[in-house]
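Work through the exercises below with the sequence and the 3D structure at hand. Try each task before you read its solution.

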Amino acid sequence: MDRKEFLASLGIGAAFVAYSSCLEGCNVANPVSSAPTNVDFTLDLTAAANNALKTNGGYVYNNGIIVTRTTAGQYVAVYSVCPHAGATVQYDSRNNRFNCPAHGSNFGTDGSLINGPANQGLTKYNTSLNGTSLRVYS
Ligand code: FES
């Protein structure tokens, strides 16, 4: 019986396996590609695909970027790829910050690093609201 089978027999799922892998290898140096620099797209806030942005705390992904309507009602956009190991970050409305579900890194709404294991923040993009059009640009 290998390690994975042993853990499975104990009822410990893949999340623990991923976590224990992090304990063994969290010192990897940013294997993630860099954030795009020539960003410029517009979201139609009346489109069904963007319904989450009608509510504070909602978010959508577009072009590798997470676009959030914060709990304070501001539109914020950051690169969605965690600089630690490449997982996709989420918006944590309870704490008004971005969270990486893979190993627990947290980032402010300005993209700044709050805690690791990531060792740098997320690239932030500009947003501009014009009626029901939300422009995201670098
Ligand atoms: S991928 Fe490890 S904390 Fe995000």
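**Exercise 1. The order of elements**

Which pattern of helices and strands does the protein chain follow, read along the sequence?

Solution. Keep in mind that this is a predicted model. Step one is to count the elements: the protein chain has two helices and ten strands. Step two is to read them along the sequence, which gives the pattern α-α-β-β-β-β-β-β-β-β-β-β.

**Exercise 2. Confidence**

State how confident the predictor is in the protein chain, and find a stretch where pLDDT stays under 50.

Solution. Begin with the average: the mean pLDDT of the protein chain is 85. Next take the share of residues that reach 70 or more, which is 77%. Then look for the weak stretch. Over residues 6–21, pLDDT stays under 50. For residues 6–21 the model has six contacts beyond four places in sequence.

**Exercise 3. The sheet of six strands**

In what order do the strands of the six-stranded open sheet stand, and which strands are at its edges?

Solution. Write down the order: β1-β10-β9-β4-β3-β2, with antiparallel pairing. Now look for strands with a single partner. These are β1 and β2, so each of them has one side without a neighbour in the sheet. On average, neighbouring strands of this sheet are turned by 25° against each other, direction ignored.

Next, follow some of the pairs.

- β1 and β10 are antiparallel and joined by five bridges. Asp40 has Tyr137 in β10 as its bridge partner.
- β9 and β10 are also joined by five bridges and run antiparallel. Here Asn126 has Tyr137 in β10 as its bridge partner.
- β4 pairs with β9 (residues 124–130) in the antiparallel sense, over two bridges. Ala77 stands opposite Tyr125 in β9.

Tyr137 is thus named as bridge partner of Asp40 and of Asn126. The last step concerns the turn: the hairpin of β9 and β10 has two residues between the strands, and Gly131 takes a positive phi near 70° there.

**Exercise 4. The sheet of four strands**

Give the strand order of the four-stranded open sheet and name its edge strands.

Solution. The order is β5-β6-β7-β8, and the pairing is antiparallel. The edge strands are β5 (90–92) and β8 (113–115), each of which pairs on one side only. Consider one pair in this sheet: β7 (residues 106–107) is joined to β8 by two bridges, and the two run antiparallel. Within this pair, Asn106 stands opposite Asn115 in β8.

**Exercise 5. The nonpolar core**

How many residues does the largest nonpolar core have, and which have the most contacts inside it?

Solution. The core has 23 residues, and Ile65 and Val78 have the most contacts inside it. To place the core among the strands, note that β3 (65–69), β4 (75–79) and β10 (133–137) each supply at least two of its residues. The largest share, four residues, comes from β4. Now take Val78 by itself. Apart from residues up to four places away in sequence, Val78 touches several residues, including Ile65, Ile66, Phe98 and Leu122. For the protein chain as a whole, 21% of the 138 residues count as buried. A general tendency may be kept in mind: in soluble globular proteins, nonpolar side chains tend to be buried together.

**Exercise 6. Three loop residues**

Where is Gly57 found, and why does Gly57 count as partly exposed?

Solution. Gly57 is in the loop between β1 (40–44) and β2 (59–62). Gly57 counts as partly exposed because it has 16 C-beta neighbours inside 10 Å, and this class lies between 12 or fewer for exposed and 20 or more for buried. Beyond four places in sequence, Gly57 is in contact with Arg69, Thr71 and Ser93. The C-alpha atoms of Gly57 and Thr70 are separated by 5.0 Å, while the two residues are 13 apart along the chain.

Which sign of phi do Asn63 and Asn96 have?

Solution. Start from the general rule: most residues other than glycine have a negative phi. Phi of Asn63 is positive, near 55°, and phi of Asn96 is positive, near 50°. Asn63 sits in the loop between β2 and β3, and Asn96 in the loop between β5 and β6 (97–99). With 14 C-beta neighbours inside 10 Å, Asn63 is partly exposed. Asn96 is partly exposed too, with 17 other C-beta atoms within 10 Å.

Methods
Residues numbered from 1 in each chain as written. Predicted model: local features only at pLDDT ≥ 70, side-chain atom pairs only at ≥ 80, totals over all residues. Pairing = 2+ DSSP bridges. Core = buried A, V, L, I, M, F, W, Y, C linked by C-beta atoms within 7 Å. Contact = placed C-beta atoms within 7 Å. Axes fitted to C-alpha atoms, helices over the stretch in contact; angles between N-to-C directions. pLDDT = per-residue confidence, 0-100.
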